[in-house]
Amino acid sequence: MMKKLGTLLLCGALAASMLAGCGKKSEESSNNSSGDGTLIGVAMPTKDLQRWNQDGENMKSELEKAGYKVELQYASNDISTQVSQIETMISNGCKVLVIASIDGDSLGTVLQQAKDSKIPVVAYDRLIMNSDAVSYYATFDNYMVGTKQGQYIEDKLGLKEGKGPFNLEIFTGDPGDNNAKFFYNGAMDVLKPYIESGKLVVKSKSVEFADVATADWSTEKAQNRMDAIISSNYNDGTKLDAVLCSNDSTANGVTNAIDSAGWKEFPIITGQDCDITSVKNMIAGKQSMSIFKDTRKLASKTVEMVQAIVKGTEAPVNDTKTYDNGKGVVPSYLCEPVFADKDNYKSLLIDSGYYKESDLQ
């Protein structure tokens, strides 16, 4: 079923037209509608990762430009803090909640309060599970994120041409983050056939999701695990050819461990989010690629959703089949991710205004 998702999500005239809309800022929608000071609650998981700071500020800026008041909160990756923040947003009279959850299974009670108060909820980039209070989901195509990471390894190693065997290790994200499973499944649908045929060898024998998950997406925890993998499997000079990392914080842990081991040659290392540290590592030849998810575009699309909800109309979606949160399929809008590497990062990240060149020096 997962193999069909990438095709499903890109098919159809509706998906094509909406995906094109996600490729540019939704200025027309923002300029043609005033929020009239309506209060919108935006709950972000943490400030510890660069991307959530950007997501939160982009969201706040876009909503305020559209005339809304915004209550933006970060929860320091603490579930009870996020629950308390959402409770406060409800009591403060927020008319719509936009929530990037810490743990997609832990908000059922507080979201029932939102539902009882008739406050619609937009799940932002992380699907909120097991709640019928979720009205919409705004995200990137997370299965495609993993697919692109897997295909990058496949292409760079020449696996389609029959080359190999090569040594591979795998690092994915927090087991409580529903997205981590989509990233993992997308990548493994590309790479697992090569593992089964022996063209890719995982010397640590850690392949299943539960064995390669990284709690809290922690750089330190990824580094500690990579230190142990190197000590047990590669200290005898065995070459490590590729490391599948689902995001940049886990990739940074892997590169830190490799630096500490004193290796002169780095394997192919994937990532996601194009955090500044990882882009610098790409330029230095330590990390190979990172999936670029332009959060400015996702923020613009989410603002369109909020405006439609406030008006009492249907929000823009381009997927009504894929994202079942345990209580039903949540209508979703999926933006398409792309990858950045040493060859194209300037056009994607600098020319687009996402970063200044001085940010990467």
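**Entry 1: α11 and α12**

I started with two helices that turn out to be oblique to each other, α11 and α12. The term depends on the angle: under 35 degrees counts as roughly parallel, over 145 as roughly antiparallel, 65 to 115 as roughly perpendicular, and the rest as oblique. Here the axes of α11 (residues 248-261) and α12 (residues 276-283) cross at roughly 50° and come within 9 Å. Axes are lines fitted to C-alpha atoms, for helices over the stretch in contact, with angles from 0 to 180 degrees between N-to-C directions. Helices (H or I, at least four residues) and strands (E, at least two) are DSSP runs, numbered from the N terminus.

I noted that this is a predicted model, where local features need pLDDT of at least 70, side-chain atom pairs count only at pLDDT 80 or more, and totals for chains, interfaces and linings use all residues. Residues are numbered from 1 along each chain as its sequence is written, and side-chain values use heavy atoms, with hydrogens and water left out.

The crossing of α11 past α12 is left-handed (the near helix is turned anticlockwise from the far one by less than a right angle; clockwise would be right-handed). Which residues meet? Asp248, Asn252 and Thr255 in α11 touch Thr277, Ser278 and Asn281 in α12, contact meaning heavy atoms within 4.5 Å. I sorted these residues by class and got five polar, one charged and no nonpolar. For the classes, Ala, Val, Leu, Ile, Met, Phe, Trp, Tyr, Cys and Pro count as nonpolar, Asp, Glu, Lys and Arg as charged, and the others, Gly among them, as polar.

**Entry 2: α10 and α11**

Next I looked at the other side of the story for α10 (residues 219-233), whose axis comes within 7 Å of that of α11 and crosses it at roughly 45°. That angle makes α10 oblique to α11. α10 passes α11 in a right-handed crossing. Among the residues in contact are Met226 and Ile230 of α10, and Gly253 and Ala257 of α11. By class I have seven nonpolar, eight polar and one charged.

**Entry 3: α5 and α6**

How do the axes of α5 (residues 79-91) and α6 (residues 108-116) cross? They do so at roughly 10°, coming within 10 Å. I therefore call α5 and α6 roughly parallel to each other. Val83, Ile86, Glu87 and Ile90 of α5 make the contact with Val110, Gln113 and Ala114 of α6. Five of these residues are nonpolar, one is polar and one is charged.

**Entry 4: cavities**

I looked for enclosed space and found two cavities of 30 Å³ or more. On a 1 Å grid over the protein atoms alone, a cavity is a set of points where a 1.4 Å probe fits but cannot get out, and lining residues have an atom within 4 Å of a point. Points are joined across faces, edges and corners, and a volume is the space filled by probe spheres set on them. The largest cavity holds about 100 Å³. Its lining has 13 residues, and Arg51, Trp52, Arg126, Trp217 and Asp273 are the closest to the centre. I counted six charged, four nonpolar and three polar residues in that lining.

**Entry 5: backbone**

The peptide bond from Gly164 to Pro165 is cis, with omega near 5°. I found Pro165 in the loop between α7 (142-157) and β6 (166-171).

Technical notes. On a 1 Å grid over the protein atoms alone, a cavity is a set of points where a 1.4 Å probe fits but cannot get out, and a pocket is an open set with protein on both sides within 12 Å along at least five of seven lines; lining residues have an atom within 4 Å of a point.
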